[in-house]
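Open the model in your viewer and keep the sequence panel beside it, since each stop on this tour begins with a selection. Take the stops in order, and turn the view freely as you go.

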Amino acid sequence: MSRKWYASSPSILLLLLAPFQRLAFADVTRGTVIIKRGADANSITSTFLDDVDVYATADEARDGSSCTSFDGIISFAHPMSLMEGDKFFSTGQLQLKSIEMMVDEINSQRCGVGVDGKRYGIELTTYGDDSSKDKVGAIVENGMLPIRNSTSIDASFWLGPYSSGLTGKISPHANATNTILVAGGAASTPVFRDNPTIFGTFPPTSKYLAQAIKALAEAGARTVSSVWEDASFTRGVCAALDALAQEHGLEIKSQTEVPSSPSVADLDPVARNLSMSETDPDVVVTCVYAEACANWISSLRGAKWSPKAQVFTVCIGMDSFQEAVGLDAMYMTGISPWDPSLPTKDDVVGWSASEFAESFFSYTSRTATYHSASAAASVGALVQAIERSDSFDSDRIASILSSEEFTTLYGKLSFDGNGQSKAPSLFLQYNENATVQTVYPLESRSGDLVYPMPTWEHRDCSFLSRCETGSPASVPGACREDGSCECEDSEAISSGIGPDASCIIVPSEDIGYVSASLVALGLSLFSIQAIMSLSCAAWTVRYRSTNIVRGSQPIFLCLVCFGAFVMNLAMLPIGIQGKYRYVQDPMTGEVTDVPNPDISRVDAACMAVPWLFSMGFSILFSALFAKIWRVRMVLKAAARFKRKTVQPKDVAIIMVCVVAIQAVILLCWQLIDPMRWQREIISSDYNGYSTKSVGYCQSNRVLRFLTPLIVIDGMMLLYALHLCFVTRNVSSDLQEGHWITGAVLSIIQILIISIPILIITENNNDAFYFVRSAIIFLMSSTVTALIFFPKMYRLHFARHQRRNATSSAMSRPSVVSQIRASAASASAQRDSLRSFPSNASAQDTGMPARWGNDFQSSNYKASVENNDGVNNDDPGGGNSEVVDDRTRISTQNASSSNDCDTKAVLSERSSSSKALDNGDDDDNTTGDAQAKSCQ
């Protein structure tokens with residue numbers, strides 16, 4: 001455009017700057033001048049901007065402009081919020097940019113305003129108002145005065161700022177100076193009433209909600225609540241709700257006022273109160289400015305509640321609102337006097353509503369709202385009124401404005417008796433694509449009203465979840481009102497709410513239970529060992545009076561059976577397993593917060609394993625340890641040629657101590673940090689559902705209790721092995737010491753081999769179960785077999801052979817004659833032997849070499865086999881008999897003696913030996929015969 005009109009009139013700049021010594025031009029763009037203002041609300045001040053070369057920019061011209069000069073200048077002045085921190089900045093900028101567009105278009109394309117055959121250019125002056133009433137008052141009183149009879153300015157007109165409150169500070173001054181003011185951003189009726197030169201393009205606040213309440217009542221709404229900001233415009237809009245609700249049959253549930261520019265903290269309690277069941281209105285009308293709209297949406301979200309319809313008075317269609325709330329803007333409704341789809345065309349610039357919207361977006365990169373169109377219409381209506389009056393006379397222009405209709409891009413515009421627009425408001429709503437549509441009145445609608453609007457959960461499900469679209473991990477469905485997903489596939493289930501909603505097919509979980517075949521095998525091993533333990537115990541009781549059983553002390557044999565049985569019981573709880581500690585949802589498989597009632601049984605099984613195994617092992621091992629300890633005690637006594645009878649009570653203390661130590665450690669474990677059942681997810685599918693899990697018993701401080709048990713048992717095993725080594729040369733017919741040694745060694749071997757296998761198989765439930773069951777079975781069954789089977793064989797299968805051999809030996813007369821012939825000499829020789837030291841050789845004593853060898857042999861072979869020989873003086877089974885080699889030496893030495901004492905000793909030993917050989921107390925006849933021969 002040509003700006004020579006501007007460049008050729010430098011006096012205009014001087015005239016404008018004269019009243020404002022500290023005001024400066026902020027920008028010169030297509031014939032507009034923007035003024036930057038300061039922060040002092042009580043005076044006209046501003047901060048100087050960078051210098052602007054007005055003359056350089058004034059020579060720029062738009063392509064196609066035919067206007068090269070003007071016959072005069074018309075001044076359009078108005079306050080407006082220019083700073084980003086101003087309350088009405090975003091809305092004010094929408095209005096300011098549209099006014100700039102209109103002025104540019106009129107100046108460049110129409111060559112200004114035509115009056116009385118002349119063309120007058122429009123000069124736009126904008127004053128920063130800080131969104132402050134005091135600032136606007138100062139501007140009007142001290143600066144924005146109508147310029148009349150000036151050689152440079154032919155006429156002065158005012159445009160209004162945004163908001164009724166700020167416009168209300170100008171209207172009295174405009175009316176007093178008879179200045180025409182057309183306000184594009186005020187709707188409060190008191191601003192216009194009794195001010196004949198003041199006109200507004202917004203509909204009155206009393207009619208703002210008319211279309212919205214009517215449309216919602218027709219849609220089925222029955223209750224309504226209102227929330228308004230403490231401001232004249234917002235208060236006036238919501239004040240009309242009483243009459244409108246009564247007119248359309250709606251019940252008002254609540255009416256709440258909040259502070260000016262309310263924050264989320266101010267709005268949260270209001271939203272929570274509305275969400276209560278006793279309130280819960282169908283419709284909420286929120287009369288706030290643009291800055292509070294997003295805060296109200298946030299409060300509704302925080303309350304997890306939404307009405308069936310949410311009506312805003314300002315925000316709908318504003319980019320700033322949609323940017324602030326995103327997809328939450330969908331289905332929000334609001335009031336608007338304008339929509340780009342209106343079939344109208346401006347008589348001044350020739351723009352249709354849609355063309356204006358496109359040009360506005362191109363100019364500002366923002367979407368045009370009714371605020372923009374209203375401000376543009378204020379310029380268009382004023383220019384049309386000036387041209388129709390063909391003068392600058394305020395009375396004539398005011399008369400035309402109040403009586404005639406003007407075709408603008410805003411629609412057909414006319415003013416009522418108060419100077420406010422007669423045009424009805426439109427009811428707008430964002431659709432599912434976040435596009436603003438007119439939904440009422442029906443004749444102007446571009447889309448259908450969605451009532452009730454979807455809940456937050458339903459919207460989140462529809463637009464944020466995978467419910468309706470499906471995914472590789474889910475199947476398609478449809479969102480329900482509660483935000484869940486209704487699945488099309490009968491095998492699928494609804495999972496999640498809102499943004500997490502989806503239709504998924506829950507995979508079957510490999511729960512990792514021990515296979516039924518292995519459990520059956522474990523029960524079979526348990527049964528075998530249980531039968532062995534009970535059978536051996538029953539056999540011990542049945543044959544407790546025989547020398548073989550009585551010599552091994554039945555009480556210890558029964559303890560071995562009992563210990564093996566208790567340890568064998570540990571195979572039962574290791575097969576008890578459970579699912580999760582908390583109940584799983586039967587539909588989704590997700591773990592809930594409800595405790596699993598079955599888990600206490602599994603927890604008990606977890607602690608039963610160490611209790612049964614440790615107590616059974618301690619009883620079993622302590623019985624073996626006591627038996628080998630008895631052998632050690634008797635061996636020491638035999639080495640000193642002393643008789644030693646070891647009663648059960650003498651070694652019972654060992655068993656009590658071992659069992660007590662184990663029990664104390666286990667009890668502390670049970671009370672402080674017991675083993676508890678846990679289940680760990682090994683793998684999951686796309687949706688996070690477990691496809692494989694493994695259960696195990698866990699204790700946070702297991703090593704604190706397991707370590708002392710292992711150390712104590714290990715020390716006892718090593719010491720028992722030492723005792724077995726010490727007594728390795730003890731010999732008897734039954735060789736029980738050797739069997740005890742074999743039992744201890746088998747326990748050690750099983751433990752050494754099993755520990756690394758347990759570590760390797762820990763993560764495989766089947767293998768772990770089998771290895772533990774095998775360890776328990778092998779330890780208990782091996783000890784049982786080594787202790788009892790040799791005795792059973794000796795008693796039941798080798799008995800007949802020994803009896804025949806004994807009878808044959810007794811029938812040989814040479815043996816009896818030999819014993820009788822040497823009885824006397826044996827006694828003397830025995831006394832000789834006792835008088836020599838144990839380390840004397842045959843040469844030193846003068847006795848035959850064979851006797852010396854026999855003597856030394858008797859020294860290192862003098863021992864007692866644990867429980868094999870029988871001391872007839874000990875009914876309880878205690879045994880301190882010298883071994884058979886010693887007996888043979890005594891018999892040979894006494895063969896030529898007739899000493900009755902020797903015969904008595906031999907008789908006693910022979911009877912004991914025969915009793916052992918025959919396994920029967922009734923076969924001791926030979927010894928008795930020998931004893932009688934000495935009488």
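Begin by selecting helix α11, residues 264–275, in this predicted model. Helix α11 lies across the strands β9 (223–229), β10 and β11 (283–287), and its direction runs at about 170° to that of β10.

Now select the sheet to which these strands belong. Which strands form the open sheet, and in what order? Seven strands take part, in the order β10-β9-β11-β12-β13-β16-β17, and their pairing is mixed. The strands β10 (251–258) and β17 (436–440) stand at the edges, and because each has a single partner strand, one side of each is left without a neighbour in the sheet. If you look from one strand to the next, the twist averages 25°.

Stay at the β17 edge and add strand β16, residues 426–430, which pairs with β17 in the antiparallel sense over four bridges. Within this pairing, L428 stands opposite T438 in β17.

Next, select S425, which is found in the loop between β15 (411–413) and β16. Is S425 buried or exposed? Its relative accessible area is 2%, so S425 counts as buried, the cut-off being under 20%. Apart from its neighbours within four places in sequence, S425 is in contact with P203, K207, Y208, Q211, I335, S336, P337 and P441.

The loop between β15 and β16 also holds F415, which is the next residue to select, together with F199 in strand β8 (residues 198–200). By the rule applied here there are 20 aromatic pairs, and F199 and F415 form one that is edge-to-face, with 5.4 Å from centre to centre and 65° between the planes. This pair links distant parts of the chain, as the two residues are 216 residues apart. F199 is buried, with a relative accessible area of 2%, and F415 is buried with a relative accessible area of 2%.

For a group of rings, select F88, Y162, F202, Y208, F233, Y289 and Y370, which form one aromatic cluster; Y208 was also named above as a contact of S425.

Then move to helix α5, residues 133–142, where K135, V136, G137, A138, I139 and V140 are buried. Their cover includes β3 (72–80), β5 (118–128), β6 (155–159) and α6 (164–176). At the start of α5, look for S132, a side-chain oxygen of which reaches to within 3.3 Å of the backbone nitrogen of D134.

Finish with R542, whose charged end sits over the ring of Y543, 4.6 Å from its centre, and with R679, which lies over the face of Y580 at 5.9 Å from the ring centre.

Terms used. Residues numbered from 1 in each chain as written. Predicted model: local features only at pLDDT ≥ 70, side-chain atom pairs only at ≥ 80, totals over all residues. Heavy atoms only, no water. Pairing = 2+ DSSP bridges. Axes fitted to C-alpha atoms, helices over the stretch in contact; angles between N-to-C directions. Contact = heavy atoms within 4.5 Å. Buried < 20%, exposed > 50% of the residue type's maximum accessible area, 1.4 Å probe, protein only. Polar contact = N/O pair within 3.5 Å; in protein donor to acceptor, adjacent residues only side chain to side chain. Phe/Tyr/Trp six-rings, centres within 6.5 Å; stacked < 30°, edge-to-face > 60°. Lys NZ or Arg CZ within 6 Å of the ring centre and 35° of its normal.
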